[in-house]
Amino acid sequence: MPADGDGQAADSDGRPPDDQPARRPNRPPQPISRRALFGIFLKAGLAFGGGLGILAVLEQELVTRRQAVGREEFLRLYGLGRIVPSGTMTALAVAYGYRFAGLAGTVISLTALVLPALVLTVALTAVYGLVRQQQWLPELLPVTILPAALAFIVVAGLRLGREVFRPSRELVLAAASFAGAAVLHLSPVLLLLAGGVAGTVLFRPKEDQA
Amino acid sequence: MSLLELCAVVFTYNALTFGNGPAMIPLLQANLVDRRGVLSTDQLLYAFTIARVTPGQANTYVAAIGYMLHGLPGALATTAAIQLPGYLMLPLLWGYQRLGAVRLVPAFTRGLTVASVGLIFAATVSIGRSTLTGVVSVAVFAAALTMAQLLKWNPLVVLAVSTLLGTGAWVLGWA
C-alpha cells in the first residue's frame, strides 16, 4: 500500500488536518533485507513485557529508526492484528514479513520472533523434568513457585479486565461467565463463544444501533 | 493424547482466545487437567510461570506443555500451531478496504475478552483451592500478589523473592 496515498485519503474524508501528526518531509519507504528482518524480529522476541514490549521494539525499529513504515500504517496494522485470532504480534510478524520479503519473509520473521522464548522455555521445562522426581520437590513447589504462578494469573486477569472492573456492561458479562464456570461448571469454550455473541449485541459500534 | 490431538487443542484454544496467553489457562485446565488427566495442575502452573519470566509472547508457554507431553517435537509442533492463525492477517490486509460488514468483529472480540476475564478468575478459584492448602502457601501467594500487582515488580524478582520466602519457611519446618 503506497504510503503517499494516505494523506489524500484523509483529506477527502473531511478529517481536520490537526489530528494528523506533523510529518517529516516525505521519504519513500525504506526496504528491509531478509537478514535485517530476522534481526529486527529476534530483537522483538527478546523483549520482556509481552505484546506491548514487542510492539515497542517494532515501533522503534520499523518506524523511528529505519522509517520503513509510516506511523499511521503502523497503528492500522496493529488494529488489524488485534482482530486476528492468534497473538497480535504473530499477526504483525506475518504482515511485515510478507511485506518486506514475501511468504519466505513470514517464515523468517515468525521464526525469529519465537526463537528466544522457545529456547528458554524448553530449557526451563527440561530442568523441571529432571528435578521432578526428587523427594523435596512436591513439598517445596506448593509454597514457592505455584502460589507465585497463581498470583501472576490473577495479575494477568486484572490487567486484561482493566476496563471491566467498574459498573458497566462488561462487568455483567464477566460476572456471568465467572458464574457459568465457577458455579454451573459449564464448558469454557461454550462460555467464550457465548461471550462473543453477547459482545456483538452489547458492544456494537454506536452508529449501528440507531 | 497424541501430538496431533494436542496441536489441534492448542490451535483451537489459541484461536478462541485471540492469542491471549493467560486466557488459555482455563481452557487448558478444563481439557488437559480435569477431563483427560494428561497434565497435572502443578505442571500447568509451572508452564505458565515460565511464560512470565521468559521474553517474547505470553502464549509461548504452550511449548512447555508440548515438551512435557511429547518432548522436543511436542514443543516445536505446539509452537507452530499457535503461530498458524497469524496467517489470517494476509487475507485481512487484502480485503481491508471492503470490510464494512466486519465492524461486528471488534464487538465479538471484546465479548470474548470480557468473558475470558470471568473465566480466568473462575480458574483461579479452582486452582487456588487445590494449590493454596497451607498457611505458608497462602502467605507466599499474598506476598507475590502484592509484589506483582501493587509494587509492580519484575516477574523474575517476584518469582525469586517468593521462592526464597517459601524455601525459608520450608527449611524452618513451617511448611
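In this predicted model, the domain assignment of chain B places domain 1 at residues 3-131 and domain 2 at residues 133-175. The centres of domain 1 of chain B and domain 2 of chain B, taken over C-alpha atoms, are separated by 26 Å. Contact between these two parts involves four residues of domain 1 of chain B and five residues of domain 2 of chain B. On the domain 1 side of that contact, helix α3 of chain B (residues 41-53) supplies the largest share, three residues, and the residues of this side divide into one nonpolar, two polar and one charged.

As for confidence, the mean pLDDT of chain B is 88, with 95% of its residues at 70 or more, while the model as a whole scores ipTM 0.79 and pTM 0.75.

**Chain A and its contact with chain B**

Chain A is built from 10 helices and zero strands, so that its pattern along the sequence reads α-α-α-α-α-α-α-α-α-α under the helix assignment used here. Of the 210 residues of chain A, 38% count as buried, and among the contacts in chain A between residues at least 6 apart in sequence, 47% join residues at least 24 apart.

Between the chains, 81 residues of chain A are in contact with 90 residues of chain B. Two or more residues of the chain A side are given by each of α3 (50-65), α4 (71-82), α5 (88-131), α6 (137-140), α7 (145-160), α8 (169-182) and α9 (188-202) of chain A. The largest share of this side, 19 residues, comes from α5(A). By residue class, the side of chain A that touches chain B divides into 58 nonpolar, 19 polar and four charged residues.

**The nonpolar core and two of its helices**

The largest nonpolar core has 112 residues, and those with the most contacts inside it are A151(A) and F48(B). The helix that gives the most to this core is α5(A), with 18 residues. Leaving aside neighbours within four places in sequence, F48(B) is in contact with A149(A), F152(A) and I153(A) of chain A and with I25(B) and Y61(B) of chain B.

F48(B) is among the buried residues of α3(B), the helix that also gives three residues to the domain 1 side of the contact within chain B. Because 11 of its 13 residues are buried, α3(B) is largely enclosed by the rest of the structure. The buried residues run through D42(B), Q43(B), L44(B), L45(B), Y46(B), A47(B), F48(B), T49(B), I50(B), A51(B) and R52(B). They pack against α5 and α7 of chain A, and also against α2 (24-35), α4 (62-83) and α8 (155-171) of chain B. One of these partners, α7(A), is itself mostly covered, with 13 of its 16 residues buried. The table sets out the lengths and spans of α3(B) and α7(A), each span being taken from the first C-alpha to the last and each being close to the value expected at 1.5 Å a residue.

| Helix | Residues | Span | Expected span |
|---|---|---|---|
| α3(B) | 13 residues | 19 Å | 18 Å |
| α7(A) | 16 residues | 22 Å | 22 Å |

**Two loop residues with positive phi**

Most residues other than glycine have a negative phi. Against that background, two residues in loops of chain A may be noted. Q67(A), although it is not a glycine, has a positive phi of about 50°, and Q67(A) lies in the loop between α3 and α4 of chain A. Q67(A) is partly exposed, with 15 other C-beta atoms within 10 Å. The C-alpha atoms of Q67(A) and P31(A) are separated by 9.3 Å, although these residues stand 36 residues apart along the chain.

H185(A) likewise has a positive phi, near 55°, in a residue other than glycine, and its place is in the loop between α8 and α9 of chain A. With 12 other C-beta atoms within 10 Å, H185(A) counts as exposed, because a residue is classed as exposed when 12 or fewer such atoms are found within that distance.

How values were computed
Residues numbered from 1 in each chain as written. Chains lettered and ligands numbered in written order. Predicted model: local features only at pLDDT ≥ 70, side-chain atom pairs only at ≥ 80, totals over all residues. Domains from an automatic or database assignment. Contact = placed C-beta atoms within 7 Å. Helix = DSSP H or I, 4+ residues; strand = E, 2+ residues; numbered from the N terminus. Nonpolar A, V, L, I, M, F, W, Y, C, P; charged D, E, K, R; others polar. Core = buried A, V, L, I, M, F, W, Y, C linked by C-beta atoms within 7 Å. Buried ≥ 20, exposed ≤ 12 C-beta atoms within 10 Å, placed from the backbone. Expected span 1.5 Å × (residues − 1). pLDDT = per-residue confidence, 0-100.
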